[in-house]
Amino acid sequence: MGIFFSNSSLFSQEITKEFGKIHLTDFEYQYEFEPEADAIVLFDIGETEFIDNSNGNLDILFKRTKRVKINTKEGLAQGNITIPFYADGHGKTEKIIDIKAITYNLVNGSVQQTQLAKSDIFTEKINKYWRQQKFAFPNLQEGTIIEYKYTLQTPFQVNLPDWEFQSSIPTVYSRYVARITPFYEYICQLQGASEFSNHISEEDKTLNKFFKGIRYRDLIHLFEMKNIPSFKDESYITSKDDYIIKLDFQLSNIHYPQGGSKEFLTTYPKLIQKLKASDYFGKYLKQAKRLAKDLLKKELVLKGTTKLDKSQQ
């Protein structure tokens, strides 16, 4: 994971975007690069950290806070929120906890708040492994500001949450902070852009943690982007996920507290080797090679015969 370095101090970065802190100037904000945008993401902030769960293992906590200003009638669709989560079918599942959402409207010069009721949050099954929690912001209108936050807890360390900087509407500010335990090592890749507005990687010098009797400090990785344009969905694009600006994480190594390591994904040649050796991929590849040889031999035997002769063979 240690691919971004800076001499700057992470802790000099003051958090100025807070849930519940709304100012009148937020309602006046106009995004100069896309003044006709139906809605604007004022900020989108995510953070992950590892925690010691009650079973003696490490879970990942992913926290997200997002604020959106709605400009037009078409922008009201931004008030429909879905949060997916994964269940493996064998008793392990991700959990969505502590959802909070507020609608803000400007009424006679004062900010009026409407809280989302817990009874308006629904869980829906997508397929065998995926679920989602859904809700719709109440009291939406043109000029409304909405914001929500939630926490996802996952026992699947292989799935360190990715981060999407870009969406269908422009984003003024996006920040992702990944607090990584040294027991897990990840490779990260930025898609759709060449650099960040700001990125810092450093050891947490303020807090010692303990896991299975081992003292350690987190490695903190901060990624920021500003003034991100909306993604324009074009013809012949199969999936916007392959083109939007986002940060992907892949588990590369596990370093066990009791000693020893396990390597996962590091290079494409090693990935190819693993696929060839696997039961679910490699054996079918070998079968395909044998079938190809048989078909080639048959084609050579049938060379010079008519199409009718070939079909009868």
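Start by selecting strand β3, residues 80-86, which gives six residues to the lining of the largest pocket, the largest share of that lining; strands here are DSSP runs of E, at least two residues long, numbered from the N terminus. What you have open is a predicted model, in which local features need pLDDT of at least 70, side-chain atom pairs count only at pLDDT 80 or more, and totals for chains, interfaces and linings use all residues. Residues are numbered from 1 along each chain as its sequence is written, and side-chain values use heavy atoms, with hydrogens and water left out.

Next, select R64, T82, P84, Y150 and E164, which lie nearest the centre of the largest pocket among its 38 lining residues. A pocket is an open set of points on a 1 Å grid over the protein atoms alone, where a 1.4 Å probe fits, with protein on both sides within 12 Å along at least five of seven lines, and lining residues have an atom within 4 Å of a point. Elements that give two or more residues to this lining include β1 (39-52), β2 (58-70) and β16 (246-255).

Then return to β3 and add β7, residues 130-136, with which β3 pairs in the antiparallel sense over seven bridges; strands pair if DSSP finds at least two bridges between them. Look for Y86, which stands opposite W130 in β7.

Finally, add β6 (122-125), to show the open antiparallel sheet of three strands in the order β3-β7-β6. Because β3 and β6 stand at the edges, each with a single partner strand, one side of each is left without a neighbour in the sheet.

Terms used: Helix = DSSP H or I, 4+ residues; strand = E, 2+ residues; numbered from the N terminus.
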